[in-house]
Each structure stands twice: as structure tokens, then as C-alpha cells.
Amino acid sequence: MSSEPSARPRRYLAVWFPWLPSDRLRRQEQRADAPPEDAPPVVLAEKIKGALRLAAVDPAAARAGLTPGLALADARARSPALRVVAHRPDLDDALLGRVLEDFGRFTPMIALDPPHGLILDVTGCAHLFGGETGLMRTVQARAERAGLKIRCALAATPQVARALARFGPGGRFEPGQDRAAARRLPVAALELSDKEDEALRRLGLKRLGDLDDRPHAPLAARFGADFPTRLARVLGDEDMRITPHRPPAPVVVDRIFFEPISAPEDVERVLSDLLVETMDRLDQTGLGGRAFEAGFYRVDGETRRIVVRTGRPTRDTPATLRLFSERMAALAAPLDPGFGFDQMRMSVPWTQVLAPAQQGLERETPGEEAFSRLVDRLTARLGPEAVLRFEPFASHIPERAARLVPAAVRHGDETWPDLDPDDPPLRPLQMFDPPQPVETLAEVPDGYPLKFRWRRVLHEVTRAEGPERISGEWWRAPNQRTRDYYRVEDRDGRRFWLFRQGLYGETPEPRWFIHGLFA
Amino acid sequence: MRRLDPCGAYAELATASNFSFLRGASHPKDLVLTAIQRGHAGLGLADRNTVAGVVRAWSALKEIRVEGLAPPDRMRDGGSPGEIAFIEDPLNDPALSEEVKRRAADFRLLTGTRLVFNDGTPDVIAYPETRAGWGRLTRLLTLGNRRARKGECEIGLRDLLADPEELMLILVPPNRLTGLEEVLLRMTEAAPGAVWLGAALHRRGDDRRRLARLKAMAERVDVRLLALNDILYATPDDRDLQDVLTCIREGATIETTGRRLEANAERWLKPEDEMARLFKDAPEAVAETTAFLSRATFDLSNLKYEYPEEPVPPEWEPQSWLEELVRRRTLVRYPDGAPPKVATLLNRELEFIAERSLAPYFLTIHDIVRTAENKGILCQGRGSAANSAVCYVLGITSVDPARHDLLFERFLSSNRDEPPDIDVDFEHERREEIIQYVYDRYGRHRAGIAATVIRYRPRSAIREVGKVLGLTEDVTARLASTQWGSWGSEISGRQIEQAGLDAANPMVDRAVRMATRLLDFPRHLSQHVGGFVLTQGRLDETVPIGNAAMPDRTFIEWDKDDIDALGLMKVDVLALGMLTCIRKAFDLMKAHSGVEHDLASVPPEEAEVYDMLCRGQSIGVFQVESRAQINMLPRLKPREFYDLVIQVAIVRPGPIQGDMVHPYLRRRNGVEKVHYPPPGRLYGPPDELKQVLHRTLGVPLFQEQAMKVAMVAARFTDAEANGLRKAMGTFRGDGTLHTYEDRMVGRMIARGYDPDFARRCFEQIKGFGSYGFPESHAASFARLVYVSSWIKHRHPAAFACALLNSQPMGFYAPAQIVREAQEVGGVEVRAIDVSHSDWDNSLEGPEKVPILRLGLRQIDGFKEDWAKALSAARAAAPFADVETLARRAELPAAAMRKLADADAFRSLGQDRRQALWAVRRLPDDDPLPLFAAAEARERGARELGAEPDAHLPLMPLGEHVAADYQTARLSLKAHPMAILRPVFAAERVLTCAETEAKRGGSLVQVAGVVLVRQRPGKGNAVFVTLEDETGITNVVLWARMLDQYRREIMGARLMQIEGLVEKSPEGVVHVVARHVIDRSAELSRLSEDHETNVQLARADIIAHPQPPRHPPHRHPRDVRILPGSRDFH
């Protein structure tokens, strides 16, 4: 920011979103219309020092006397019908960011004005929208269409506009009018700390005018040297320009050709050059790319974008280039250069920190790295849904104890069971899904099957071990039956994994199943 | 009906109760009962590195041997002594009780611990073989506890093997058997012949293979194999609860805990035949369990108690020394000699004490009380033994037996098995001195603080279960908040719906059912507030000692009930705020008016003191200052000490729910005739019941009386009365109470009582239920009621001053205390002022009629150090102006601002606003030393610098009052309602005084500041007390209005009520509300500039939203003009 006085009078529009969190919530739930009269009040709560407190409220909640800062329990006691939603300031900020981009249509000089506000330098822009009144109407209309309630004020400095929007009635103030309006504002408009604010009110100095009328030196002696400056700003005696918002530049590398190119080897070479430069830039910032987007701009104005993703952040040019080649080879609609590309662009929409790895002195560590590269290549070629691997899952139930997940997804914290290397395997290599019913002859109550018939073949059991008893997961379904698993070997030396579902004496009668084969 | 398993020869020796915190899923007593029902020969209870649960199991077994039923659960159900609910054990089956009793006779309970090592060694279960072994075990645990943080225990195998004599050790094999043999070898070397190898088969698939390997290993090392089931719960049904406990322990939800849960439900107390079948490859392992049982001879009853010797001088026997002390002290208490009645009583009590060898107990208490006396700390004993003439003479209590004879029978008639019971309350600010004295006198190795078992209460249970079952935080918070007040321990469907949740929702329903099962489970041990155990020998050879969270505090693993059950001596050193207040009042009276008093010397039975109480003017008085008590006072009209005993006891859930209050009041006020029906002429004296009930006009108000009625009128034996007491408390659904009813009513009729009367007697006892306020506690409390009332009446300024200086305590805010002093005591109260106030509130002015000067402690956030500095600087010379004050007292800017905010500069000619303006000019903070000189120069310069007059607007009265409330929570300038009166008067809203004067039945509008909102007992009504400049109004809101006016009731600080005036014959006025309006917004008028421009439209928050001014975590008090009232939630 700079505080140089401007050459010609400037005009600022402050936009304040008093109900941003609840408006955002309603938008999210796609109920743009006003809530019905009897809808329960909505509050957004967050945990502060172990207690749930209100972070924001909607108008209905405010009408019910609920204010931000109130403990949720107290709020609940006052209106039991309350609807409580988790406070998501990140989503609020994201929405405000989108509004900011959209309001960029009014002026490029636009900035966030936290909390929950925007400030627009509309000097010289108003005529495009039918004058200042027309501009304000348009802003109001756009906000309403987005389901957001706003209060805005147009004045000669950003500070006055902000103060009038938030602490005053809002509206348009001609140059010269705004100072008088600001003088009527409460001292809260100075946005001092609560203590100072209270001190001013205790002193009987309740409006900005009360302060303005008094000599400034004694005030500075009491409320700090910068107090008169602050007052001057809010009264519009001093202007502070805004620093316009610009979206952060992602890593983007462009090549513009005088002669359009179309030969595949040319395209590949340019891709390679672009990647080298991109990786250099990433290296300088200590980042690695998780996704790379190649943009192909045809002379006729058509654009084609190809994205590759990697399982871990990378700055490896050959590997990434290979991913592009594989991806391009596997494209359903091949890359068509038409009359040639006149521009190619490499951008990295997704980056992650990638610390430079210490190279081993003795030898490269194989395994993880190479495996991950393979997974990347397969995924690039076949798509993420096609390359899967097993992941352990927290359950005793055999068919739930492992599940398939896309190989590129990082695995969770769960680990495979740690088995005693001296013991024989307790789980078969092959498991049937679903288990297949068998007829058995078994000892009661929990003996192993002496004989069983599976796929019409009768197997006589010679050896068996068990039971391994696994109870149902009561929290998932109340009546899951307990299973007794047996490892058995028949006369021919074939080994099976059988289980009895249910215990003897229960109704319905227990049933037997084969669940897998050991060998 | 439950089946009893055949009786056999197996005993489970690896049992975890729920004192293996968050692991075991059954109460110790349930394990014992289940083991007996299963026909086991015994049970070994071994929790993880603790013996905290063994006494429960042991006393349960004792009870089962007598009753055939496990004892009921005791749950605290209120804040005062005796407010306890008994919950029947669901495992009990009266139909089987005879068989259970028979089996229990031979049942053996081993008490030991499961040692979980920190060095990777597999767990070892240790049982003491003898008393010496027990001492070794507890010392081992003490060693581990003292090394670790609170709640943990660090022991290695080396610690165990250093001295394992007379311990029996069972090695529990882990999942992998690799390396187990080496451990076994080391153990057999250190403890030959006392090591067993445990084997537990949990159907993991490889059970037989595993058993064979263990058997082979046992043979190689030459130890015996012992069958275990390593159980976590009594019955397989409890597996889900155990899963939930595991999740709580792991801090994970049930969905993600997965393999950390047990795979199956096998770890329960299996019947003998099932165990035999499991171990059919090694039947000797099952047989070994009973051999193990018979080898261990130790039983907790071996813990023979020896009283400490300190209080007895050498060459004296405890009894003779007690008699000598009583003789000497009698002359002090009764300078003219003890009245004959007291002398007789003393002799009888001393005989009784001798008979039960209780002299050392009395001497120890006396020793502690004497120490307090020497240090000038007030104390007062209570409890059955405290109400004895001996205790009065020894100065343990100040309730004089010469005046209140009948109370004192209680001690002599107490049950022979009951341990003596004396709790001593000390001034709460100085109790720590007494605790340190006890530690010093007996040493830490002989004195320990008892534990308190922290248990799952409804809130904590639902919160943790909800988390485990994956309910959102919001839903669990909502379920947890369904409790109104602290009554009741079950979460009912109605309460769930009240929270806006669907009780039929399976998730919520499951969470609530699971939480209900978790209720009362121990969560961890904490130290008791002041219960000491003293021993003659080493305490750590009786019970393990562990570290408390407070530094230098240690506590034992057993709680008060355990200590009682074992008959160890405990001394309760408790804290009582009112004693601090009384001490401060005595000190003030002495310093200002030269009147000297102690608890016993306060003149008894002054009629004017009772007059004051009868008017309901009891704000600040001990125990009788709650709204309910204040309303009761004019009805009960206490005229003598015993009336106060009743007053204290009657406003309790017991008498209220048992509907004793109205019959008593009717009889007392002569509306109903007092009548004691006689038995038949042949069967006893016609006034036999009169002796029991005449003090309470024939209505049993104390639990003791209920028992007495049964014993006298129905000739119940001691044992029968005990049974009745239990049956009464637990509402056994099985008809136990019914049998007592038949017995009692039948016998009364047989003895010639009117059948109708007999039935009513029993109904009364039934209604009395489980709540009973013991008369002995009530009596000690009543004395403090009288003393505090006396001070309040005779020395109102000193009383208010002491009460303010003892805050926080009692029921009311400073504003009400000050107002009561002004209006009831006629005390002049002066505002906080830098030229007169010290930290504490103080007395000034004439000796006879002191004036109360408010102290700096009343200013929110003011520090004691600042006040000391201010007083010291003022003592040198009075202050001339704000700047010299700041300089001489060296107060920081923050302190000066608080003084100015509190309007404390009036004596220097500056009102709040001027002072604030002046104070704000002072430099901001303490300068660094380097800049101090420059700063001093600057200050000097500033002193000289003249400023133009700021022409600050004059602060209106309303704003002054609002600021007074914000800074000191009270205002001497005016009541906020007085300033708002024009607004309300224009609306024809009455003052409290006008409402009081209305006739019963009138429809009124009344408004006031909300003082208290309460929802007592079953919660059919909410009581709100409103206050304005003329007095108070009590409002009754029926529960059905609560839903409609919830927001107003919960949120309003200024409330307007439309309702009907209701007047009781005693002149107690209530307004029964019909409409409630929240007028809190009017309070903002106080601090607005324009009172003249009173408009009724309120600022509409919706039309004109304002950015939230306050960070969300700000204390609500700071933004309120009035402090919040006392709430019921």
C-alpha cells in the first residue's frame, strides 16, 4: 500500500458480506431462494479451546439472539431446533475469491477486504455501468444472483467506504458528503481493540464526530501516536490506495513458433525442451510436479490439453516425457495438428514440495522408486482405475481384511498382520468370493469336518486344525454370525479352508462353506 | 431364570476387571458372582499393575456369603452427604440365592495383580501366598508407581525377581512363544517352586499346536502348566462393550480399530466342562487351578489394622489417656462441672469406646483438631461419632450435648460393625496446613490420601461412546447436554428427544444403550479431597501408593469404601468455605469492635436470630440460603436448634420425593394432629413410637428414623433392619421389598397396631427411598447455620465483609450480599476508593455500627499485589492526585485504568470519566531499566504539561451503574431497574414490592433482573428469581411452558413476566408465569446517551447487522452489563 495523495479524486466501492458463511452454506445446498419462515436457525460452529462455539450465524439465528462467540451448548439451550454446521472459513474464503474474480469485471483494481469484504477502486469505471448508482445496482444484482447478501458503500477513500458499509447505513456518498456521514459513525468504526473501544465509550466519546471535534494531541497521548492517523483515515482525510489482487502465477512455460510445427518428432522435441525448462523452474523453488499439463494451440484457434499425473512429486524430465509419450500413444482421439501448432505451453497446476534426495554413495536403492515409476507408467497408460493393489483393512473378517485400491493412491496406516515365520500360513492363497456352500459331516459342537462334499466330489479329511473363531462385526450389522474356520487336508493331500457359519444349538442351523484353497 | 452350572473344580486365575482401565469390561463383584454361578471353585482377580479393584470383589464375596446376592451399586446422586442412589445388580437372581450362598461359603477369592512390564517381558500374574507376600507385592507396585507419571507403573522383570518370596507367579505366554523359555528359566531360578506356566486357548486356530508346545516347554523347565482363559468380561454378551473400551483406549472409532479388537468373544468366565473340553490334551492344567487356590492362604482379612501410636503419650494406654483427656477437657467446657446428664453420657460413651477399642481413633482426631486450634484454624466435626459428648468435650464439635440430648443417642446405638465416622471440616483456605501437618506427623510412608475412583458419568460416557461409534461431535455434544442439573444417572428417551434427536434412530439408540452400560465404570484413580489413611507400620506394605497429579502428593489405590470395608482407619480432612467466612467474621469483630468469639461461645438460642430466619432473610447464611430454603423458612418457622437440623435436612430430594414435607409442615403448623398410634396394650408401652418420631412430629425425616420404626414397632432385628435398608434403597423389582412389607406390616398388626397406620408407615418408608440426609450431619451443619445467622444478625457489617472476602462461595453474587447487608442489616456501605480501600473489604467508622468499605478485590481482574502496593504507599502519606498515586504506588497502567474504570478516584475529586481521561495519559508500561531514567524525566515533564480541558460530556447515572456492574459486578449508585423504571412504569409493569402487595389471584406484569434460575428435583417446574430496586419476586414456570419460552428463560438477563400472584398462608408470594418476555435489550439503555428519548422499538439486528466486535472466545461476562445468573444447566 502507499499513502501518497492521489492526483485526482478517486472513488471506492466497499462491499461487505454480512452473512457470508450462512449464504455460502445455502448456496452449497442449492437453495438460492430465501429459507421458509419456519426453517430452523442455522449456526456455524467451531471448536475453540475444547468447547464448541458459534463462529457465524444466519439472520434467523441472529433474530433468535444468537451471536458469534456464544457457546454452542448455550445457543442450543436457547433454541433447541438449531441446525449446526461445521464452520468452514476455507470455503468462505474460496467463495469470496470466486466473487472477487467475478467482480473483476467492474474494475481490475479490486482487493480482498477481510473479513468478508471486497474493496473496488472504481475511479473512472462507473460510466460503463450507467453511473455510480447503476454500478451499485449492478453489483447488488450480481451478488443477489449468487445468493449473497451484501451492504456496500461508495466513497472517496477505501477506509471511509469500508466504515460506511460496515458500521453505517451503506449507500453512495458524494465527495464531501462522506465526511459528514463518517462523523456520525460509532467509534467502533475505528476498529480498535475492545478495550480501547470501551474506554472511548466510557469517556463519552461515542461517535467519530466527538473525537474529530477535540484537539488531537490529548487523544494521541491517550490512545497512541497513530490514533489521529487512524481517525483521519476513517474520516477520509487521508487516502490509502488498495493493492489489487492478482491470482498467483503457476509455473507456466510457453513456446511460440514463427512457423507452425506439426511433425510428431518436432512436437516431442519441443515438449522435451519445455519440460527441461519447467523442471528447472521447479528445482529453483524446491517443488516437484504432481500433474503436468501440455497445451497445444493450433493456428486455427483450436486448443488441445493433455494432462499426466505422477504418484509422487517429480522433477524427472525423461520420466515425465515418457509419461507424455505413453499417454499420447494411448489417446482415444489422437493429437491432430491440423495446419500445425503455433504455440505450446507446459504448465504445472499441481505442485508439491520435493526435497532434493541425498544420493547413496554405494548404490542406488532400487525397489520403491522403480516400483513407483512402473505404477506411474501403467497408470498413465491404463488409467488410475485399472491399476490396483491390495491394501490391508482393519478387520478380522477374512474377506474384509484386504481391499483393492488404485495403485497410485497412497496407502493408509494399516499394516498387514505380523505372522510368526515359524508358523504355517493361516490364510489361503486363493479365496472364494463369495464362499461356496459345502455339505459336511462334522463333530458337534465345534469339531472339524470329517468328510465334506464340494462340487459333487466327496473329500475325506485326514488332518485338520482349528477352529479359528471369528465373531461378527456387531457395529455393522447386528446379527452377523460367528464363524469357525478350519484348515483341513484330504486324503489326496489337498488343503482347504472351510468354515462353519453359526454355532451348534443356534437357530437357524449352522451352515458350512469353503472359503479358500491353500494348495 | 438363570441356570446354575454344575459345581466343579476349576478356578479362573487370570481375570481382568474394569479396574484394568479400558480393558476389562466387568465390575469386580460381577466377576465374583458369575464365577460362583458358574460353579467355579474360586477366582483370582489380577488387574494390570494395580490392586484397586480387589477390595470390591472381596467385600462383594462377603456380602454374597450372607445374602446370596451381590451388593447394589452405590451412585452419588447429589452434592451432600447421604445423597446416594443404590442400583440393583442385574446379575442377581433371588431365586438362586440360597444355592449361591451355599457355594459362596467355599468359594476362594485370590487377590493379586497382573504385572505388565516395561522391558518387553511377557505379563506375569502374581498372587501373594501369605501376608508377607502381599506386602512385597504392594511394595513392588509402589516402586513402579512412584517411578512413573500419575496413572502409570514402570516395573521390569528384574524388580520382580529381586525379591519374589511368598509370591506365586504365573507367566502368561504372549502370541509368539519365541524366547519364552528363557524368561521361564530366569523365573524358576529366582522363585523355585512358585512359578506356573499359563495357557489360554482362545480359538485362534492353532490352539492344540500351541498347547502342545507349552506343555512340552513346561515339562522341559519343570514347572506346572496352568489352564487360564485370561478373561476380560464375565459373559460373552459383554464383548461389544469390551470392543468399545478398546476403541476408547486407542482413541479410534470402531470402524478403524479393526484388528486391535479381539477377534472373537471367547474371553469370558467359561463353565468348568467347557474348560475341560478345551484342555482335553492337558487335563492336569485344569486340575492345577484348584491346587493353586489351596496353596495361597492370604486373604484381605489378614490385613490387620494397627492404630498409630503418636497421639498417646508414653506410659499411657489409649483408653486411659482418652479418659484422662476427657476429664481434663470437661473442666474447660463446663467450668461449673458437667451437668449430671452429660456426665452419665460421657461415662456410657467411654465404656462403649473401650468395648470397641476406638480410643486411638478419637485420640488421633483430637490430635488433628488440637493442631488446628493451635494454628487458629476453625474446624467442625460431623458424622455419627462426631455427635458424641466425648467429641464435644474434646472440641471436635460445638454441638452441646447438654442442650440437644437426643441427638447423642445415635453414636451409642450405632451398629457394631459400622466403622466410626467423623469427618472434620476445616477453613477451606487453610486446610492445606492441616494436610501437611498430618504428613509431617505420621510420615509419608505411614500416611496416604485415599483414592477417588473417577467413573463414567452420563456426560463422559455418551461423549466417548459417541466418538467411538462415529457420531459427530455435535450429536454427542447434544446428547451429553441433555442432563438438567446433576440428578439422575440415566439417559432417558425423553431427554434424547429434548435434545432434538430421534430416540428411535438406531445409531443414537445404540450409543445411548452402550453408554448406559458404560456408566459407573472406573476410568482412572484420582486423589480424594482429604481422606487420610494412617497406619502404625509401613503403609506401602498394605496398599500400593502412587503419584498424584499434584507435585509432592501421593495417594493409595483404595478409595473410602474400600478402606471402610477393610476397617482401616481414615480421617477426613475436608474443606468448608463457610468456616473461612466465619473465621474472617470473628477476626473482623475482634479487630473492629473488640468482641471475641469461637464456634462454641456464640450465645445459643437467641430469639431475634430465629426471628430473622423466620422472615426468610437468610442470604449468605450457611446451607439455608437457596431459594427453596428461603421459601421454606417462613413455613417451617424455626424457633430452636433442632428446627434448624430439620430445616437443613428437609429441603432435600429424599423428603421432597417421599412427600414428607407437607405432612410435617401441616403438623408443625397445627393443621394436622400429631398422633402416635400405640401398639396393643399387651405388646409394649403405648408411646414406643413417640420416642422415635416425636422430634419430627411423627413424620420420619431421617433415614435412621425409618429403621427405628421398623425395629421398634415391628420388632425387626438388626439384620432384618439392614436388609430393609438395602431393599428400600434399591427398589428390588423381584419383591424383596415386598417381603419386608409383609413382614413389617404383618408384625405391626400382630402387635396390635392399627392396620391402616401400619400400611401408611411402610408407605412413608418406601417413599423415603434411597435418599437420606443423615441426622448427624444435619446437626453439625445446623450449628453452622445458627452461628452464621447469629453473626449476620448481630454483626451484619462484619458478616457481609467476611462473606465478600471469602468469595467465591455460597449462592449469591456480591451485589446481593451487599444489598442484603444494607437492607436487612442496615449497614452503610461505601464505595471502592483509592484513599480508603485495601485489597480486602474492610470495616471503618464507629465501633458499634461499623461501615462496610468495599475492597479492591471486588474489581474484576485487579491484582492483590497492586492493592498491597497501593495500601503501602497510602500509609506513608495520603494521595493528592492521580499522577502522584501512580508514581508513588508504582502501579502499571493496567492497574490505574482498572481503578479509574471502577470509579475509585472520587476522593481525589475525579469521577469515573475524568479519572479515565487522566489515567489514560499515564505512560503505558513499565519501562526497561535502561529507559527508566528517561521515563522519569518524561513523567516529570508530563506533570508540568498542562492540557486544554477536554470538555468530556457528563456521564449519566445509567451509564455509571452499567460501568459499576461491568467492573465490580455491583453498584451502590442505583439499581439498574430503578433507572429503567420510567420505561416499565409507562407499560404498567409492577415493581417487585407492588407485586408482593397484590392480592392472591391477581394478574400482574412484573419485570426484574434475573438472579437465579433453578430446576430442582424431577424438573416439573423452573424457578426464576427476579430482582429490582424494591426487592425480589419468585416466579414459577411449569415445565410445559419451557419449550415455548426456552429462549427467553435461558437467555434473558432482564425478564418480564405476566402471571398470577399466588400467596401461601405464611405469606410466601409466587408469580405463576403465563407469558415470559426477554427484556434484556433494555439494559443497553443504561449506557446510551439519550435517556430522554426513550423509544420502545428495539435495535433490529437483522436490518442493521454489525460486524461481530468480539473475538469468539471472549468471556461472556466482559460483554454483558450484568453478570450471568446462577444456572441450572
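Here are some friendly notes on this predicted model, moving from chain B as a whole to one sheet, the nonpolar cores and a single serine.

1. Chain B overall. A good place to start is the inventory: chain B contains 46 helices and 24 strands. Of its 1129 residues, 59% are buried. Taking the contacts in chain B with a separation of 6 or more, 73% link residues that are 24 or more positions apart. The area that chain B exposes is about 45,100 Å², and 51% of it is supplied by carbon and sulfur atoms.

2. The sheet. Do have a look at the open sheet of 7 strands in chain B, ordered β1-β2-β5-β6-β7-β8-β9 with mixed pairing. Its edges are β1 (11–15) and β9 (224–228) of chain B; each has a single partner strand, so one side of each is left without a neighbour in the sheet. On average, and with direction ignored, neighbouring strands of this sheet are turned by 30° against each other.

3. One strand pair within that sheet. Strands β2 (residues 42–48) and β5 (residues 108–115) of chain B run parallel and are joined by 7 bridges. If you would like a residue pair to click on, B:Gly44 has B:Leu110 in β5(B) as its bridge partner.

4. Helices across the strands. Helix α1 (residues 28–37) of chain B lies across β1, β2 and β5 of that chain, at about 155° to β2(B). Helix α4 (residues 131–147) of chain B lies across β5, β6 (124–128) and β7 (167–171) of chain B, and runs at about 30° to β5(B).

5. The nonpolar cores. The largest has 147 residues, and those with the most contacts inside it are A:Leu211, B:Met896, B:Leu899 and B:Phe905. Helix α34 (residues 775–794) of chain B contributes the largest share of this core, 10 residues. Apart from it lies another core, of 134 residues, which includes B:Ile353, B:Val438, B:Phe532 and B:Leu539.

6. A closer look at B:Phe905. Setting aside neighbours within four places in sequence, what is B:Phe905 in contact with? Its partners include B:Met896, B:Leu899, B:Val882, B:Leu885 and B:Val919, and also B:Asp833 and B:Gln910.

7. A serine worth a glance. B:Ser593 is found in helix α23 (residues 577–593) of chain B. A polar atom of the B:Ser593 side chain lies 3.1 Å from the backbone oxygen of B:Glu847. Not counting residues up to four places away in sequence, B:Ser593 touches B:Leu588, B:Glu847 and B:Pro850.

Conventions: Residues numbered from 1 in each chain as written. Chains lettered and ligands numbered in written order. Predicted model: local features only at pLDDT ≥ 70, side-chain atom pairs only at ≥ 80, totals over all residues. Heavy atoms only, no water. Pairing = 2+ DSSP bridges. Helix = DSSP H or I, 4+ residues; strand = E, 2+ residues; numbered from the N terminus. Axes fitted to C-alpha atoms, helices over the stretch in contact; angles between N-to-C directions. Contact = heavy atoms within 4.5 Å. Core = buried A, V, L, I, M, F, W, Y, C linked by side-chain atoms within 4.5 Å. Buried < 20%, exposed > 50% of the residue type's maximum accessible area, 1.4 Å probe, protein only. Polar contact = N/O pair within 3.5 Å; in protein donor to acceptor, adjacent residues only side chain to side chain. Areas by Shrake-Rupley, 256 points an atom, 1.4 Å probe, with all protein chains shown as cover.
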